[in-house]
Amino acid sequence: MSHCKICTSPTNDIITFGGMPVANGFINVVGQDEFVFDLTVSFCTHCFMVQLKETVPPEKMFNDHYHFMSSTSQGMAVHFEGNAKEIIDRLAGRPDSFVVELGCNDGPMLKHIAAKGIRHLGVEPSGNVADLAQKNNVRVLKEFFNQKTAAQIVQKDGQADVICGSNVFCHIEDIHSVFTGISVLLKEDGYVYFEDPYLMDIVEQSSFDQIYDEHVFYYSGLSVRELAKRHQLELVDMVHQDVHGGSMRYYLKKGAGYTVHPRVEEFIAREKSLKLDQPAGYASFKDHVNQICHQLRHTLEEIKHKGSRIVGYGATSKSTTLLNYAKIGPALVDYISDNTPYKINKFTPGMHIPIRSYETFLEDQPAYTLLLAWNHRREILEKEKEYRRKGGKFITFFPAVTIE
Ligand code: TMP
Ligand code: ZN
């Protein structure tokens with residue numbers, strides 16, 4: 001029996017993937033020791049939070065080499081610029097406004113705020129990415145965000161008009177400490193917004209590879225509304241985002257003087273129609289996941305049987321769950337091409353597929369390519385027009401296996 005990380009009620013298991021290495025545990029040599037944990041997702045019927053049952057100690061996930069950099073994809077760069085524009089528009093008429101971004105990474109959003117001369121601060125505990133943000137003229141505090149850091153910020157800079165975070169709230173197990181910090185830092189009429197992969201998209205597409213050690217929470221309108229209330233905040237708007245395979249941006253406000261957009265009730269009504277507020281809504285998820293894995297393995301085996309070669313595209317964090325659960329290794333996928341220098345010539349966690357440079361892929365022209373970075377599908381299909389014109393085919397797998 002495990003207990004909810006939000007409200008301590010007992011939780012129900014949705015799916016168990018068994019022993020799983022950490023998603024970013026790329027190894028230098030096959031045979032090297034790998035940390036394995038039990039990857040299980042559970043659901044709380046009391047506060048509706050979907051969450052990891054067992055989490056991994058931070059020192060096992062993040063080592064000196066952890067270099068996730070959000071600026072590697074062109075599509076995401078455009079998305080973050082749009083986020084900055086929205087904030088700038090909302091701040092119109094508020095003199096001397098102050099924007100705080102939690103987990104600002106290398107600054108793809110805040111650099112646009114900085115360029116407008118708006119007071120801002122990125123809170124980023126990963127030293128190496130924080131240094132890159134500073135190179136982008138972003139002001140950074142290299143700390144974890146909580147009540148103590150919030151008080152320090154207030155003392156130095158005053159309270160914030162906007163507190164935001166992209167793909168960071170879902171990573172933080174002690175999310176209550178973040179919300180306690182927000183209560184201290186946020187102005188009475190300020191707003192919080194954060195965006196993360198959306199539970200309803202994950203369930204509808206069976207995109208189970210979003211589930212890995214670093215994603216502790218799988219948010220929905222149902223669960224965010226409950227979590228916000230615990231911290232005297234109200235969920236006032238929800239806007240769907242076409243990034244990371246379907247994300248949701250949640251807007252929260254403090255105290256009185258807010259209006260709740262009708263979209264909130266609409267999204268929550270859709271979540272309830274899928275029964276995401278009860279165990280029944282998750283009952284078929286496991287079967288769908290197993291069907292996709294079976295179908296994908298079968299497709300790859302058939303291609304190999306006919307004598308064609310398959311490579312992977314994008315050694316993503318999320319592909320660790322897919323490859324290990326579906327048992328896809330180097331016998332099926334020769335290598336995975338990736339444009340992140342640090343990953344090249346390493347091996348994927350658990351299944352040990354070698355990682356090669358993007359140039360290798362371009363020179364190679366393999367017959368089939370498993371699109372592991374499926375969340376960047378549009379951008380990659382556009383970039384790889386020549387590969388497809390020469391007869392190359394991409395394999396995708398959510399919500400079903402497709403060759404295009
Ligand atoms: P992400 O989905 O977690 O952002 O990770 C994307 C990974 O895929 C990252 O290692 C970079 C790689 N990638 C490529 O190799 N080529 C591309 O065109 C894109 C968009 C990503
Ligand atoms: Zn709960």
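What follows is a conversation about why certain parts of this predicted model are described as they are.

Me: What kind of model is this, and how are its residues, chains and ligands numbered?

Reply: This is a predicted model, in which local features need pLDDT of at least 70 and side-chain atom pairs count only at pLDDT 80 or more, while totals for chains, interfaces and linings use all residues. Residues are numbered from 1 along each chain as its sequence is written, chains are lettered from A and ligands numbered from 1 in the order in which they are written, and side-chain values use heavy atoms, with hydrogens and water left out.

Me: Which residues come nearest to ligand 1?

Reply: A residue is near a molecule if one of its heavy atoms lies within 4 Å of it. Of the 14 residues around ligand 1, Asp338, Asn339, Lys343, Asn375 and Lys383 come nearest.

Me: What makes the pairing of ligand 1 with Lys383 a polar contact?

Reply: A polar contact is a pair of N or O atoms within 3.5 Å, and within protein one atom must be able to donate a hydrogen and the other to accept it, with residues adjacent in sequence counting only if both atoms are side-chain atoms. An oxygen atom of ligand 1 is 2.6 Å from an N or O atom in the side chain of Lys383, so the pair meets that definition. An oxygen atom of the ligand also lies 3.1 Å from an N or O atom in the side chain of Asn375, and one is 2.9 Å from a polar backbone atom of Asn339. The protein covers 94% of the 490 Å² of accessible area that ligand 1 has on its own, where such areas come from the Shrake-Rupley method with a 1.4 Å probe and, for residues, only the protein chains shown count as cover.

Me: How do the residues of the shell around ligand 1 divide?

Reply: They divide into 4 nonpolar, 6 polar and 4 charged. Here Ala, Val, Leu, Ile, Met, Phe, Trp, Tyr, Cys and Pro count as nonpolar, Asp, Glu, Lys and Arg as charged, and the others, Gly among them, as polar.

Me: Why is Asp161 called buried or exposed, and which side chains does it contact?

Reply: Buried means under 20% relative accessible area, exposed means over 50%, and partly exposed is in between, using a 1.4 Å probe and protein chains only. Asp161 has a relative accessible area of 2%, so it is buried. This residue is found in strand 7 (residues 160–166), where helices (H or I, at least four residues) and strands (E, at least two) are DSSP runs numbered from the N terminus. The side chain of Asp161 makes a polar contact of 2.9 Å with the side chain of Arg94, and another, of 3.0 Å, joins the side chains of Asp161 and Lys187.

Me: How do you know which side of helix 10 its buried residues line?

Reply: The buried residues of helix 10 are Phe285, Val289, Ile292, Cys293, Leu296, Thr299, Leu300 and Ile303. Seen down the helix axis, they fall within an arc of 130°, so they line one face of the helix; the arc is that of the directions from the helix axis to the C-beta atoms. On the other side of helix 10, His294 and His305 are exposed.

Me: What span is expected of helix 10, and how far does the helix reach?

Reply: The expected span is 1.5 Å times one less than the number of residues. Helix 10 (residues 285–305) has 21 residues and reaches 30 Å from its first C-alpha to its last, close to the 30 Å expected. Just after this helix, Gly307 takes a positive phi of about 90°.

Me: Why is Gln232 called buried or exposed, and how does His244 stand?

Reply: Gln232 has 63% relative accessibility, so it counts as exposed, whereas His244, with a relative accessible area of 17%, is buried. Gln232 is found in the loop between helix 8 (221–230) and strand 10 (233–241), and its phi is near 55°, a positive value in a residue other than glycine. His244 lies in the loop between strand 10 and strand 11 (247–254), and has a positive phi of about 50° although it is not a glycine.

Me: What makes Val260 partly exposed?

Reply: Val260 has 41% relative accessibility, so it counts as partly exposed. Its place is in the loop between strand 11 and helix 9 (262–273).
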